[in-house]
Amino acid sequence: MPEHSGALGPDTDVAVVGAGIVGLAIAWEAARSGRTVRVIDPDPAGGATYAAAGMLAPVSELHYQEEELLELTLASARLYPEFAGSLAGPTGYRATRTLVVGADAADRAALADLRQLQLRHGLAVEPFTIRRARSLEPLLGPQLSCAFSIEQDHQVDPRVLAAALQSALAAHAEQQGWTGWLQRGRAAGLLHADPADSTSAVTGVELADGSMVRAAEVVLANGLGAARLAGLPQGLRLPLRPVYGDILRLRVPQHLRPLLTNTVRGLVRGLPVYLVPREDGTVVLGATQREDGSAAVSAGGTYQLLRDAQVLVPAVAELELFETTARARPGTPDNAPLLGRVAAPGGADIPGLIVATGFFRHGVLLAPVAAQICRGLLDGGADGRWDRFRPDRFSLIPTGKSQP
Ligand SMILES: Cc1cc2nc3c(=O)[nH]c(=O)nc-3n(C[C@H](O)[C@H](O)[C@H](O)COP(=O)(O)OP(=O)(O)OC[C@H]3O[C@@H](n4cnc5c(N)ncnc54)[C@H](O)[C@@H]3O)c2cc1C
């Protein structure tokens, strides 16, 4: 365990930049391992985490060309019960099933094709008759062409989970007598053992207000913001891009409750749409994927979501629309995270630096496994299975290792 007290020692064992779902999960795992932790964020849980529907859907989210991710998403889904159970109070974790439905014949063909891919990977996707699907969800629309049941795809409420993680960290900090766990401020850059060498050991974080947090280990978990930090190792390329999503929240009037008891995902004339029912009588309706650079809620996107959701469940027209939100998912060229240590020229990993970003569509699902992988790295180990997600795989660092 590194020293964290004394005049010249670090302020904390681990500094985590970013208090989204990923940074909070990493901070909690580090705290549970006996380390002191400082999380730096001007707006905790206000990024993509604030928007996310919280589907934990390794099976229905399996995409062609993204099969490399499946081992990681399945591993994280398996960790969820213990992860949620480690937190006092509600997390919004619900092990309800996911129903996948198609609208027209082309949607049915596309979902049947996808099922073949899912079956090839040993995943359970059970075809249901529409009648059977309707026996579970009586408010499903009359125009559906097919239905499948996925028992394994569950949900969590990311806002509730993020609040539970913050409460757990605050309680732990107080219990352990730390001076504080959360620093509300924007990280500006990395501090290095040799200020003239950005590939030397990372020793802390400099904030935009000029203050510093000295740490034995720094974890960059600030989503799209990671690539903008000063002092990143020379040659490290973090090719993050914003993929905006519009998402709606609706309240179900008493006479229609429960609108749904399971998550319903649909393909409507080729466009994906989903409805996630929450325990509090609201539903989450999402989500668009836009790369138009606009952080504002899109009128066209909102229209499309409401139109297509009514094909799945016509009673959506009777709900109260109380929130429209848009946020950016942190996308990468291969849609996989940038997760792990970074090699210096010559091949050895740079001490004190871990990157955990680029979680794109899956950050809520992947938070527990990201935390577990970071814990392994902090402990000095590395699980070779996850080397393919190293953050330096797109970089120009002459490590001698092969890169895509
Ligand atoms: C509409 C929508 C629906 C989604 N649905 C799902 C879903 O159903 N299931 C799922 O698994 N995923 C879903 N996602 C994806 C998921 O939200 C993201 O993958 C996840 O939130 C990424 O978490 P994160 O902690 O890396 O990033 P974020 O949640 O974006 O958090 C990053 C944090 O870093 C902070 N930050 C940024 N720069 C700095 C800086 N310089 N200094 C300090 N702090 C900084 C920000 O304030 C923010 O709090 C969805 C995303 C969207 C947009």
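Reader: Where is Asn-335 found in this model?

Author: Asn-335 is found in the loop between E16 and strand E17 (338-343). The model is predicted. Phi of Asn-335 is near 60°, a positive value in a residue other than glycine.

Reader: Why does Asn-335 count as buried?

Author: Buried means under 20% relative accessible area. Asn-335 has 17% relative accessibility, so Asn-335 counts as buried.

Reader: Happy with that. What makes Phe-360 count as buried?

Author: The cut-off is again under 20%, and Phe-360 has 7% relative accessibility, so Phe-360 counts as buried. Phe-360 sits in the loop between strand E18 (349-357) and H8. Its phi is near 45°, also positive in a residue other than glycine. Phe-360 is also among the residues that come nearest to the ligand, together with Asp-41, Thr-49, Met-55 and Arg-361.

Reader: How do you know that Ala-48 makes a polar contact with the ligand?

Author: A polar contact needs a pair of N or O atoms within 3.5 Å. A polar backbone atom of Ala-48 is 3.0 Å from an oxygen atom of the ligand, so the pair meets the cut-off of 3.5 Å. Two further residues bring a backbone N or O atom to a ligand oxygen: Val-22 at 3.1 Å and Asp-43 at 3.3 Å. The protein covers 94% of the 1000 Å² of accessible area that the ligand has on its own.

Reader: Which elements give two or more residues to the shell around the ligand?

Author: They are helix H1 (21-32), helix H2 (48-51), strand E12 (241-251), strand E16 (320-331) and helix H8 (363-378). The largest share, 3 residues, comes from H8. By class, the shell has 18 nonpolar, 12 polar and 6 charged residues. Domain 1 (1-94 + 154-240 + 332-404) and domain 2 (98-150 + 242-331) each supply at least three residues of the shell.

Reader: Now some rings. Why is the pair of Tyr-80 and Phe-83 called edge-to-face?

Author: Rings pair if their centres lie within 6.5 Å, and planes over 60 degrees apart count as edge-to-face. Tyr-80 and Phe-83 are 5.7 Å centre to centre, with 85° between the planes, so the pair falls in the edge-to-face class. Both residues lie in helix H3 (residues 70-85), 3 residues apart, about one turn of the helix. Both are buried.

Reader: And what makes the pair of Tyr-80 and Tyr-93 stacked?

Author: For that class the planes must be under 30 degrees apart. Tyr-80 and Tyr-93 have 15° between the planes, at 5.8 Å centre to centre, so the pair is stacked. Tyr-80 lies in helix H3 and Tyr-93 in the loop between H3 and strand E4 (98-102), so the pair ties together parts that are 13 residues apart in sequence. Ring pairs link Tyr-80, Phe-83 and Tyr-93 into a cluster.

Reader: Why is Tyr-93 called partly exposed?

Author: Partly exposed lies between the 20% and 50% cut-offs. Tyr-93 has 24% relative accessibility, so Tyr-93 counts as partly exposed. Tyr-80, at 0%, counts as buried.

Reader: One last thing: which peptide bond leading to Pro-258 is cis?

Author: The bond from Arg-257 to Pro-258 is cis, with omega near -10°. Pro-258 lies in the loop between E12 and strand E13 (263-268). The bond from Gly-286 to Ala-287 is cis too, with omega near -25°.

Notes
Residues numbered from 1 in each chain as written. Predicted model: local features only at pLDDT ≥ 70, side-chain atom pairs only at ≥ 80, totals over all residues. Heavy atoms only, no water. Near = heavy atom within 4 Å. Polar contact = N/O pair within 3.5 Å; in protein donor to acceptor, adjacent residues only side chain to side chain. Areas by Shrake-Rupley, 256 points an atom, 1.4 Å probe, with all protein chains shown as cover. Helix = DSSP H or I, 4+ residues; strand = E, 2+ residues; numbered from the N terminus. Nonpolar A, V, L, I, M, F, W, Y, C, P; charged D, E, K, R; others polar. Domains from an automatic or database assignment. Phe/Tyr/Trp six-rings, centres within 6.5 Å; stacked < 30°, edge-to-face > 60°. Buried < 20%, exposed > 50% of the residue type's maximum accessible area, 1.4 Å probe, protein only.
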